[in-house]
Amino acid sequence: GSRATRRLRRQGLVPGILYGRGGDPLPFTGDARELSHALRASGAVVELDLDGQKTSAVLKDSQHHPVRGETTHVDFLRVDLTKPIEAVVPIELLGGDDAPGVKEGGILDQTMREVTVEALPNEIPESIQLDVSELSIGDSLPLSAAVVPDKVKLLDDPEATAATVLAPRLQVEEEEGIEEETGIVGEAAAEESGDSGDSGEEG
């Protein structure tokens, strides 16, 4: 219940549940600091010791306090270390400050922040890295340009755009302003031309 859960959290404990691989769901509580330390690496395999029985598992989901950010609940999935699993890992951009387009005032836009991979539990990387140091304004990189470890398989579309360098906002706004002014001037010229034509007919 929520009251018991709040009491656990005040004691520095985090409620969780372990499930998967045909076993019954098993609720448990863990020390908040130990959990935080164990889960620093994304996709990390942890060994849960529940009532003397050790089980390899990976974090499948976690809930956090909306204000304080502390972990309030965790879901762990039992894993077989000899069989591959799917996991979502972050995409880490490298060399963003060195990209020519960024130095020229362009905006580095990371259109993909996570990617789904498949690998053995102990081979899941903390992140997938993408070097964007050569991008100029208007350039983009697909997911296939990311550095993927040999034993890791990408499951998302390799041709999907992962990062791009956009033109500076000021330049875009100026271009839009020029187009708008040109349109207004063109309309005014057309109106004047029409008016002069009318007056000529009347004369």
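This tour moves through a predicted model, from the whole chain to its sheets, selected loop residues and C-terminal end.

**The whole chain**

Begin with the entire chain displayed as a cartoon. The chain contains 4 helices and 12 strands. Of its 203 residues, 26% are buried. The accessible surface amounts to about 13,300 Å², and carbon and sulfur atoms contribute 46% of that area. Among contacts with a separation of 6 or more, 60% link residues that are 24 or more positions apart.

Next, colour the chain by pLDDT. The mean is 83, and 81% of the residues reach 70 or more. Among the elements, β10 has the highest mean, 97, whereas helix α4, residues 169–202, has the lowest, 57. Both elements appear again below.

**The sheet of four strands**

Select β9, β6, β8 and β11. In that order, these 4 strands make up an open sheet with mixed pairing. The edges are formed by β9 (128–131) and β11 (153–154), each of which pairs on one side only.

Now restrict the selection to β6, residues 85–94, and β8, residues 114–119. The two strands run antiparallel and are joined by 6 bridges. To place one position within this pair, pick Ala87 and look across to β8, where Val117 stands opposite.

**The sheet of three strands**

Move to β7, β12 and β10. These 3 strands form an open sheet in the order β7-β12-β10, and their pairing is antiparallel. Strands β7 (107–110) and β10 lie at the edges; each has a single partner strand, so one side of each lacks a neighbour in the sheet. On average, neighbouring strands here are turned by 10 degrees against each other, direction ignored.

Take the β7 side of the sheet next. Strand β7 is joined to β12, residues 161–166, by 4 bridges, and the two run antiparallel. Two positions help to trace the register: Ile107 has Leu166 as its bridge partner in β12, and Gln110 stands opposite Ala163 in that strand.

Then turn to the other side of β12. Here 3 bridges connect β10 with β12, again in an antiparallel arrangement. Select Pro142 to find Thr161 of β12 opposite.

**Pro15 in strand β1**

Select Pro15, which lies in strand β1. Is Pro15 buried or exposed? Its relative accessibility is 10%, so Pro15 counts as buried, the cut-off being under 20%. Display the surrounding residues: beyond neighbours within four places in sequence, Pro15 is in contact with Thr5, Arg9, Phe28, Thr29, Thr72, His73 and Val74. A distance can also be drawn from Pro15 to Ala32, 17 residues apart along the chain; their C-alpha atoms are separated by 9.2 Å.

**Two loop residues with positive phi**

Continue from β1 (13–20) into the loop that leads to β2 (23–31), where Arg21 is located. Although Arg21 is not a glycine, its phi is positive, at about 55 degrees. Arg21 is exposed, with a relative accessible area of 60%.

For the second case, select Asp51, in the loop between β3 (45–50) and β4 (53–64). Asp51 is likewise not a glycine, and it has a positive phi of about 55 degrees. With a relative accessible area of 83%, Asp51 is exposed.

**Ser133, between β9 and β10**

Return to the end of β9 and follow the loop towards β10 (140–142); Ser133 is found in this loop. Ser133 has a relative accessible area of 16% and is therefore buried. Show side chains to see the polar contact of 2.7 Å between those of Ser133 and Asp131. Which residues is Ser133 in contact with, leaving aside its neighbours within four places in sequence? They are Leu94, Gly95, Asp98, Ala99 and Pro100.

**The C-terminal end**

Finish at helix α4, residues 169–202, the element with the lowest mean pLDDT, 57. Over residues 199–203 the pLDDT is below 50, and this stretch has 0 contacts in the model beyond near neighbours in sequence. Where pLDDT is low, the predicted coordinates should not be read in detail.

Key. Residues numbered from 1 in each chain as written. Predicted model: local features only at pLDDT ≥ 70, side-chain atom pairs only at ≥ 80, totals over all residues. Heavy atoms only, no water. Buried < 20%, exposed > 50% of the residue type's maximum accessible area, 1.4 Å probe, protein only. Contact = heavy atoms within 4.5 Å. Areas by Shrake-Rupley, 256 points an atom, 1.4 Å probe, with all protein chains shown as cover. Pairing = 2+ DSSP bridges. Polar contact = N/O pair within 3.5 Å; in protein donor to acceptor, adjacent residues only side chain to side chain. pLDDT = per-residue confidence, 0-100. Axes fitted to C-alpha atoms, helices over the stretch in contact; angles between N-to-C directions.
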